[in-house]
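Colleague: I should be grateful for a close look at a single part of this predicted model. Please treat the answer as one connected account.

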Amino acid sequence: MYTLSPFTCSRLKRLPKQPVVWEGDRRPIADGMLDAFGYDGSLPNGADEASDCIIWVDGTEGVLRAVTIIPADTGHEAVVRTLLQAMEHPQGAMPPARPQKLVVSDREIHFFLRGALQDLDLSVDYADTLPIIDEIFESLQQPDE
């Protein structure tokens, strides 16, 4: 089982814990979505056409905290790495923080995160839908007008 190192847990526990809920998901990237993420046809990390997008948003504030493009065959550890990025080095001008609760819509990721984050005092829940992430992906799949 994958768990965070004691050093990483200690570092993360020093971040302020906010009473917020974050949504996270991993989804395949549809044709044309890479342009929306600022990629000009060349994918990061040697990824080929089959790529996934990991996204973490602060569902309470409605802001994007982290996005990562990965090869589709990458393991669930990448979801945790992107979450750590969302906590310690969020995009934009948001301060580093820990959420009170995480919500994901993939059962495998749900169980993986529960095990990996068990020492962080975070609630990890499952939901059938993630409204904010669904909205983000729908907007990314819309053709430019």
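Against which elements do the buried residues of H1 pack?

Modeller: In this predicted model, the buried residues of helix H1 pack against two elements, namely helix H3 (77-88) and strand E4 (98-104). Helix H1 itself spans residues 6-13, and its buried residues are Thr 8, Cys 9 and Leu 12. These three lie on the same side of H1, because the arc they cover around the axis is only 100°. The underlying geometry is general: an α-helix has 3.6 residues a turn, so residues three or four places apart point the same way. The other side of H1 carries Pro 6 and Phe 7, both of which are exposed.

The account may be continued just beyond the helix. Arg 14 belongs to the loop that links H1 to strand E1 (17-28). Its relative accessibility is 60%, and Arg 14 therefore counts as exposed, the cut-off being over 50%. The side chain of Arg 14 nevertheless has a partner within the helix: a polar contact of 3.2 Å joins the side chain of Arg 14 to that of Ser 10, and H1 comprises residues 6-13. A further relation concerns the backbone. Arg 14 and Arg 98 are 84 residues apart along the chain, yet a distance of 9.1 Å separates their C-alpha atoms. Residue 98 is also where strand E4 (98-104) begins, and E4 is one of the elements against which the buried residues of H1 pack.

Conventions. Residues numbered from 1 in each chain as written. Predicted model: local features only at pLDDT ≥ 70, side-chain atom pairs only at ≥ 80, totals over all residues. Heavy atoms only, no water. Buried < 20%, exposed > 50% of the residue type's maximum accessible area, 1.4 Å probe, protein only. Helix = DSSP H or I, 4+ residues; strand = E, 2+ residues; numbered from the N terminus. Arc of directions from axis to C-beta. Contact = heavy atoms within 4.5 Å. Polar contact = N/O pair within 3.5 Å; in protein donor to acceptor, adjacent residues only side chain to side chain.
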